Structure formats: C-alpha cells, structure tokens
Amino acid sequence: MKRCPACNLTKPASEFQCNRTKADGLQSHCRACMNATNTRWREANREQFREAVRVSALKHADRVAAWRAANAERITELGREASWKYKARKRANGIFVVTDKDLRRLLQSPCIGCGTTESIVPDHCIPISRGGRTSIGNLIPLCKTCNNRKRSRFLFEWKQIMNARSYAEVTQ
Ligand SMILES: [Zn+2]
Ligand SMILES: [Zn+2]
C-alpha cells in the first residue's frame, strides 16, 4: 500500500504507475491523480494552443495587410486582369480561345506602343466591336496608357495616327 500525496488516500501499489526513477519504483501520485493532472495539462495546453493559433492569426493578418499595402499595384493589376478576362469572355459570347499560358506570355511582353513592361493589358488587334475575336492571334500586348489611347481603333490605324501626329497630341 502506498499513500498518494495528491488525494491523501492510501491505495494498493497497482493503483500507481511504474516509475523506475523513484525509490519504490512507483509514481508518487496515484493513477487517478496522474490522469486528472494530465487532463488538466492537456486542457491548459489546449487553451495555450488556441491562444497561440489566435495570436499567429493576428500576426498573420498584420502580415497580410502589410503585403496588401505593399502590393496594392499588383493586386489592382490582378483584379484588372480578372475583369478583363471576364469582359472578354462576355464579349466573345463564351468563345474564349486564349489559354492562361498564352495570356501570361502576352502579359509579360513589352507594350508594342511604347515598349514598357509595366501594366500590360491584352488588346485586340482587330477590335471586338469591329468583328475581332478573342483569340491569341488577335491579341497584342499594350500598356494601360497606350491601350487607353488606342481605344477601338485597328492596330494599323492607331499606328498611322501615332506616326502622323506626335505622341503628345494623341494623348490629349
Ligand atoms: Zn491520488
Ligand atoms: Zn505603351
């Protein structure tokens, strides 16, 4: 028989777990008290775990917010890209024959108007409003600025205008 200091009860040795490091080879607290302690520990740790998750989520939220702030431009671009795709799909009555890979390659190409690689949008060589289709063969990389200037002109018309007038005039 052995007395457990936690519950103050004297219990048979079988009620104690083995512990080779103890003088009598048994755990000082009885199984019931050990279990209770373990449960408390688990619960306390669960709380701690939950708290850790909550804290890291908050920290992460900060990081997400910071990332968003730092990448505002990129996020706008992504949104623009998505809305462009949506509009293109709508205009083409569901016929959308440009793969994401094609589109990505196009968006990485320099603007054919001014050569910049910033804010590239796909533009229709033959405008949709004039019978052009949304297919990769009919798409050209244009920067946002040049795209606004070109509007719904044919590419060659726009180029003629570009050649005839100074760049500044076209922007007005
Ligand atoms: Zn006990
Ligand atoms: Zn441009």
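User: What makes Ser 119 partly exposed?

Analyst: Ser 119 has 17 other C-beta atoms within 10 Å. A residue is buried at 20 or more such atoms, exposed at 12 or fewer, and partly exposed in between, with C-beta atoms placed from the backbone. Ser 119 is therefore partly exposed. This is a predicted model: local features need pLDDT of at least 70, side-chain atom pairs count only at pLDDT 80 or more, and totals for chains, interfaces and linings use all residues. Residues are numbered from 1 along each chain as its sequence is written, chains are lettered from A and ligands numbered from 1 in the order in which they are written.

User: Why is Asn 8 called exposed?

Analyst: Asn 8 has 8 other C-beta atoms within 10 Å, so Asn 8 counts as exposed. Its phi is near 65°, a positive value in a residue other than glycine. Most residues other than glycine have a negative phi.

User: How do you know that the span of helix H1 agrees with its length?

Analyst: Helices are DSSP runs of H or I with at least four residues, and strands are runs of E with at least two, numbered from the N terminus. The expected span is 1.5 Å times one less than the number of residues. For the 40 residues of H1 (31-70) that gives 58 Å; the end C-alpha atoms are 56 Å apart, which agrees.

User: What makes H1 hardly covered?

Analyst: Among the 40 residues of H1, the count of buried ones is 1.
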